[in-house]
Amino acid sequence: TIDAYEPNPELFPLLKKNLSSFPKVRVFEEAITGTEGHVSFNKSKYSLESSIFEARDSESVSVTATTLDQAIKRIGGSVDLLKIDIEGAEFDAFTTSTLLPQVRAITGEAHTEQSGHTEEELSQLLSSFDMVELYNPNNDTVFGFYAAHTR
């Protein structure tokens, strides 16, 4: 089973259409953040920059938000792989999660400039995993990470 989340109201129909032929994929028009309810989402004309944080050339819209824990519960509480790219909201999502240690492996992208957090903080948030790797070859404010339980 795969759960996919997309908060951008312009991109969600495309995601739903592209995944409609896969019977074990569910799609949710929600942002993953540190809170449930509604959040302001900055829909940028450069869709890759859309975020709950400021984005250039963007329009603010209200979108439904859910927590990482709620997403983990929806899928049954057991996650083999979590792929996350939520444009800076990963820090809030991880900080508020009590179920993150139940994820077997996680990979994603982190944004230090948008979120105001550091690579060291992300490493600490992922410290319950047996293996954590942050990769930032360009010493950029956007970098990749991988964490896994090896036992």
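**A walk outward from Phe-94**

Setting aside neighbours within four places in sequence, Phe-94 is in contact (heavy atoms within 4.5 Å) with Leu-68, Ile-84, Leu-100, Ile-106, Leu-122, Leu-125, Leu-126 and Phe-145. Keep in mind that this is a predicted model, in which local features need pLDDT of at least 70 and side-chain atom pairs count only at pLDDT 80 or more, while totals for chains, interfaces and linings use all residues. Residues are numbered from 1 along each chain as its sequence is written, and side-chain values use heavy atoms, with hydrogens and water left out.

Let us step back to the core. The largest nonpolar core (buried Ala, Val, Leu, Ile, Met, Phe, Trp, Tyr and Cys residues joined through side-chain atoms within 4.5 Å) has 23 residues, and those with the most contacts inside it are Phe-94, Leu-100, Ile-106 and Leu-126. Two or more residues each come from α2 (68-74), β6 (79-84), α3 (90-96), β7 (103-111) and β9 (142-148); helices (H or I, at least four residues) and strands (E, at least two) are DSSP runs, numbered from the N terminus. Apart from this core lies another, of six residues, including Ala-31, Phe-41, Val-61 and Ala-65.

Now to the strands. An open sheet of four strands runs in the order β6-β7-β9-β8, with mixed pairing; two strands pair if DSSP finds at least two bridges between them. Its edge strands are β6 and β8 (131-135), each pairing on one side only. β6 and β7 pair in the parallel sense over five bridges, and Leu-82 has Ile-106 in β7 as its bridge partner. Between these two strands the chain passes through α3, a right-handed β-α-β crossover: with the strands pointing away from the viewer, the path from the first strand over the helix to the second runs clockwise. β8 and β9 pair in the antiparallel sense, also over five bridges, and here Val-132 is partnered by Ala-147 in β9.

Finally, look at the rings. The structure holds two aromatic pairs (Phe, Tyr and Trp rings, the latter by its six-membered ring, with centres within 6.5 Å; planes under 30 degrees apart count as stacked, over 60 as edge-to-face and the rest as tilted). The centres of Tyr-5 and Phe-28 are 4.9 Å apart and their planes at 15°, so this pair is stacked. Tyr-5 sits in strand β1 (residues 2-5) and Phe-28 in strand β2 (residues 25-28), 23 residues apart. The other pair, Phe-94 and Phe-145, is edge-to-face, at 6.0 Å centre to centre and 90° between the planes. Phe-94 lies in helix α3 and Phe-145 in strand β9, so the pair ties together parts 51 residues apart in sequence. Both are buried, meaning under 20% relative accessible area, with exposed over 50% and partly exposed in between (1.4 Å probe, protein chains only).
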